[in-house]
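I opened the notebook to go through one structure, site by site and sheet by sheet. Here is what I looked up.

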Amino acid sequence: MKRIFLLFLGLGNLAYGQNPLFIPSTLSGNTINLSLQNGSVNFYPGNATQTMGVNGNLLGPTILLDRYQTVTMNVTNNLTDTTTIHWHGMHVAPQNDGGPHTVIPPGTTWSPSFPVLDWATTNWYHPHLHMKTNEHVQKGIAGMIIVRDDIEAALDLPRTYGVDDIPLVIQTKAFDASNQIITLETALDTSLMINGTIDPISNLPAQVVRLRLLNGSSERVYNIGFSSNQTFYQIGSDGGLLTAPVALTRLRIAPGERMEILVDFTGMQGQNTALMSYGSELPSAIYGASQPGMGAGQTIPNYTLNPLNGANFQLLGISIGAQTSNPITTIPSSLVAHSPWLQANASTTRTLTFSPQTMGPTAIQGPFLINMMPFDMMMINQYIPFENTEIWTLTNNTPIAHPFHIHDVQFYVLDINGVAPPANQQGRKDVILVPAGGGVVRFITKFEDFYNDTIPYMYHCHMLTHEDGGMMGQFIVNSPIVGLNESQTSMESFVYPNPVIDFLTIDTPIGSRLVLYDNTGRFIWGETTDKMNQKIDFSGLKTGVYFLNQVENEQTRVIKIFKN
Ligand code: C2O
Ligand code: CU
């Protein structure tokens, strides 16, 4: 019944959406309180659907952050199941990252505190418990994080949340006959929803509108476009704004990816349009195309029964209304400057190869391995020197494309199958779809600011069924000085304020030695203290990360200082 329902409303652009698009509420400030809880939602007539949500029944509030603020996230687990919460896309220390090792048992609160170091970005948060990520995300735990910064604020861009700056969390889910969410890998994800709204419609003003697209689906890739074939402009990728807007009529978005687009509805008041996914145009060997594998016989059970596969369907009905006051009516010609790391400066090349656990016609069904290994909580797959610049080569020897995601860093794509990426993939990214059948993606990144000799970061396929099935690995960024007694937290109460603007005060015993390095290890300042309240003048220093070494009784500890 649900399949037929979607078939009628989803195909073509004759029918416009029926339910007003839900816009998640926002949370901002230095303390963000998130309660993970069970809930229920009436998606379909009949039984209510048992769900999970954050501060509500389904999904979570959008978290608004400013670059360089500090934030404490109080995550209280009111579920009956253990879980974790990961800040996908954010550059935070391993102990604050919310990976599978940082569990939040039921009835407890996890309170990481960290400075926001990201550029203006669209990020998101979701559970990351090994083998339960898909279930917890599918049942409804996910939310958007919008980071703002001064550079973005100075551009003429729409930024009134919910008015001309619209969050769109795109997901498909599978339901059983009694309206309950099923998370088996073979379940048919026939129900499409945006921000938890099935068959949504939105009233948007007749001006330039910014859409923040997040593919929060477990497996499905979308091929975004407008029903009128109207040109739109991608302005941001996973890690922030691009150099300049890129004019497009189609945009492919894989699980985990975020993309910000501008669309100009100026002069279109009173008209209707629709945001679509043109699945019929997706090439083979991508989940969502008519053929999910490389050739005949390589398919997923029941795949062809799903009306969304290989089809063009509506994501969001749009009715264009009146302009707001002070509308944005032009597309900016340029955005932000980028200076990607140079290949000549990379000191390490790492190779990750994806393969099916079992070769043959069922190779498309997984489980999938990275370097022949399934994920093992006890096994560290890569050790990375602090501040290393590296080139990673991803080779996909499976018959389906996988969206590869890495924690901690943003990367720049060097090439895809030997060819430089298109303009809209030349910004910072943390997810990249690696083509099937021997496809190769190379990227460059640098592992800076954070290290921890015991808590790893993750890399994995962002198709959540693949991730849960073991297509994941973990890496440690090693501390820079061997034998150093590294402080595990970047926020030490005897050093304040941190982040600092002008004077940093250090409450330290007289006679301890203080040495300040910048993030390249360059000596900045050093002194043996002669008073209890030592002050360091940061006013002339560049914005960024510094390391203060405090040597006391032959013990060194390193405190990370953030200069605003
Ligand atoms: Cu979006 Cu490791 O996750
Ligand atoms: Cu995968």
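**Entry 1: the copper site.** I note at the outset that the model is predicted. I began with the copper ion (ligand 2). Which protein atoms are its donors? I found ND1 of His 402, SG of Cys 461 and ND1 of His 466. They lie 2.0 to 2.1 Å from the ion. I then wrote down the spacing of these donors along the chain, which is H-x58-C-x4-H.

Next I checked the accessibility of two of the donors. Is Cys 461 buried or exposed? Its relative accessibility is 1%, so Cys 461 counts as buried. His 466 comes out at 4%, so I logged His 466 as buried too. The cut-off for buried is under 20%.

**Entry 2: the sheet with β33 and β34.** I looked up where strand β33 pairs. It covers residues 457-461 and is joined to strand β34, residues 472-478, by four bridges. The two run antiparallel. For one register point I took Tyr 459, whose bridge partner in β34 is Gly 473.

I then traced the whole sheet. It is open, has five strands and runs in the order β27-β34-β33-β29-β31. The pairing is mixed. At the edges I found β27 and β31 (431-434), each pairing on one side only. From one strand to the next, the twist averages 25°.

**Entry 3: the sheet with β25 and β28.** I traced another five-stranded open sheet, in the order β26-β25-β28-β32-β30. Its pairing is mixed as well. The edge strands here are β26 (368-370) and β30 (412-416), and each pairs on one side only. The twist averages 20° from one strand to the next.

Inside this sheet I looked at strand β25, residues 348-356. How many bridges join it to β28? I recorded seven, with the strands running parallel. As a register point I noted Leu 352, which stands opposite Leu 394 in β28.

**Entry 4: Glu 387.** I located Glu 387 in the loop between β27 (382-385) and β28 (389-396). Is Glu 387 buried or exposed? Its relative accessible area is 19%, so Glu 387 is buried. The cut-off is under 20%. I also took its distance to Asp 165. The two are 222 residues apart in sequence and 36 Å apart in space, C-alpha to C-alpha.

**Entry 5: Ile 328.** Where is Ile 328? I placed it in the loop between β24 (312-321) and β25. Its relative accessibility is 14%, so Ile 328 counts as buried.

I then asked which residues Ile 328 touches, leaving out those up to four places away in sequence. The list is Asp 156, Leu 157, Pro 158, Gln 207 and Val 208. I followed up on Gln 207. Ile 328 and Gln 207 are 121 residues apart in sequence, but 6.1 Å apart in space, C-alpha to C-alpha.

**Entry 6: strand β24.** I closed with the strand that precedes this loop. I found β24 mostly covered, with nine of its 10 residues buried. I looked up two pairings.

- Strand β16 (residues 200-205) runs parallel to β24, with five bridges joining them. Ile 201 has Gly 317 in β24 as its bridge partner.
- Strand β23 (residues 272-278) pairs with β24 in the antiparallel sense over seven bridges. Leu 275 stands opposite Leu 316 in β24.

Methods:
Residues numbered from 1 in each chain as written. Chains lettered and ligands numbered in written order. Predicted model: local features only at pLDDT ≥ 70, side-chain atom pairs only at ≥ 80, totals over all residues. Heavy atoms only, no water. Donors = N, O, S within 2.8 Å, 3.2 Å for Na, K, Ca; no water. Buried < 20%, exposed > 50% of the residue type's maximum accessible area, 1.4 Å probe, protein only. Pairing = 2+ DSSP bridges. Axes fitted to C-alpha atoms, helices over the stretch in contact; angles between N-to-C directions. Contact = heavy atoms within 4.5 Å.
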